[in-house]
Amino acid sequence: EAAPEPRSGRSAALRARMEERLLGARFRYLNQQLYTGSSRDAAQLFRADPAAFHLYHQGFERQVRRWPERPVQRIVRYLRRRPASLVVADFGCGDCTLAASVRNQVHCFDLVPLSPRVTVCDMAKVPLAAESVDVAVFCLALMGTNLQEILGEANRVLKLGGTLMVAEVASRFEDTRAFLKAMTQLGFRTVSKDLSSSYFYLLEFAKTGPARPGPAPGLRLRPCLYKRR
Ligand code: SAH
């Protein structure tokens, strides 16, 4: 067989580059939708267009691969140090890396099933009984603008004294102290905070009681928008 013409080789490379750009643009658009709307809007978006979800996840994987460490691995290490009998709820579980890496029973929630372990639902309303889990996890998953409702749901399903683990992109925190203060109003005491990574913060809370109603103004995170590369 003859080698391809240099010209067609060039146009194939050009086409690949264009496709890559389009995928990148589509990912950034979807990502922006997720961070600037409520969790219900996100549920609707992906229900209407499951292909968009897969595209979003490809883009997410590409972003996180650039980081020195995947935050979910920190949560895995944390759980391995604690009894395997603890029941875990993983809010926005993605591909269920957490459930696949620990011996605990893990309830996995996401909008579309990337794995058969996933229960499809909006994280603001998960099908679990009140005070039924020991550990609730949000690993890069606090995306919706209705943060208070989402964290209120975590409070509802957690047992008193249960653990809430949050791993979030560092640059999303405008005012970490105000955020932690707002968390006390939602019924969570800060147990530890690891702010040492420039990529993500790892926060551990304990449930002190039910969330108190009323506004929690410090509970704000910037959207995590990616730049065009
Ligand atoms: N925790 C995983 C995935 C993080 S990506 C990890 O660390 O690898 C964020 C995940 O949250 C995505 O899978 C996204 O689909 C999910 N998500 C976003 N909004 C959601 C919602 N309203 N309800 C359930 N899952 C949601």
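**Entry 1: the chain.** I counted 7 helices and 7 strands in the chain. The model is predicted, and I kept that in mind for every entry below. Reading along the sequence, I wrote down the order of elements as α-α-α-α-β-α-β-β-β-α-β-α-β-β. I then took the extent of the C-alpha trace along its principal axes, which came to about 70 × 35 × 35 Å.

**Entry 2: the cavities.** I looked up the enclosed space next. The structure has 3 cavities of 30 Å³ or more. For the largest cavity I noted a volume of about 490 Å³. Its lining consists of 31 residues, and G92, G94, D110, L140 and A141 are the closest to the centre of the cavity. I also recorded which elements give two or more residues to this lining: α2 (39-48), α3, α4 (71-80), α5 (97-101) and β2 (106-110). Helix α3 gives the most, with 6 residues. Sorted by class, the lining of the largest cavity holds 19 nonpolar, 6 polar and 6 charged residues.

**Entry 3: the place of the ligand.** Which space does the ligand take? I found that the ligand occupies the largest cavity. I listed 18 residues around the ligand, with H57, G92, D110, M123 and C139 as the closest. G92 and D110 thus appear here among the closest to the ligand and also among the residues closest to the centre of the largest cavity. By class, the shell around the ligand has 11 nonpolar, 4 polar and 3 charged residues. Helix α3, which spans residues 50-65, gives the most to this shell, with 3 residues; α3 also gives the most to the lining of the largest cavity.

**Entry 4: polar contacts of the ligand.** I went through the distances between the ligand and polar protein atoms. A polar side-chain atom of H57 is 2.7 Å from an oxygen atom of the ligand. For D122, I read 3.0 Å between a polar side-chain atom and a nitrogen atom of the ligand. At S39 the partner is a polar backbone atom, which lies 3.4 Å from a ligand nitrogen atom. How much of the ligand does the protein bury? The ligand taken alone exposes 570 Å², and the protein buries 98% of that.

**Entry 5: the largest pocket.** I turned last to the open space. The largest pocket contains about 350 Å³ of space. I counted 15 residues in its lining, and V169, S171, C224, L225 and Y226 lie nearest the centre of the pocket. The lining of the largest pocket divides into 7 nonpolar, 3 polar and 5 charged residues.

**Entry 6: summary.** I close with the two spaces side by side. The largest cavity, at about 490 Å³, is the space taken by the ligand. The largest pocket, at about 350 Å³, is lined by residues including V169 and Y226.

Methods: Residues are numbered from 1 along each chain as its sequence is written. This is a predicted model: local features need pLDDT of at least 70, side-chain atom pairs count only at pLDDT 80 or more; totals for chains, interfaces and linings use all residues. Side-chain values use heavy atoms; hydrogens and water are left out. On a 1 Å grid over the protein atoms alone, a cavity is a set of points where a 1.4 Å probe fits but cannot get out, and a pocket is an open set with protein on both sides within 12 Å along at least five of seven lines; lining residues have an atom within 4 Å of a point. Grid points are joined across faces, edges and corners, and a volume is the space filled by probe spheres set on the points. Ala, Val, Leu, Ile, Met, Phe, Trp, Tyr, Cys and Pro count as nonpolar, Asp, Glu, Lys and Arg as charged, and the others, Gly among them, as polar. A residue is near a molecule or strand if one of its heavy atoms lies within 4 Å of it. A polar contact is a pair of N or O atoms within 3.5 Å; within protein, one must be able to donate a hydrogen and the other to accept it, and residues adjacent in sequence count only if both atoms are side-chain atoms. Accessible areas come from the Shrake-Rupley method with a 1.4 Å probe; for residues, only the protein chains shown count as cover. A molecule sits in a cavity or pocket if more than half of its atoms lie within 2 Å of its grid points. Helices (H or I, at least four residues) and strands (E, at least two) are DSSP runs, numbered from the N terminus.
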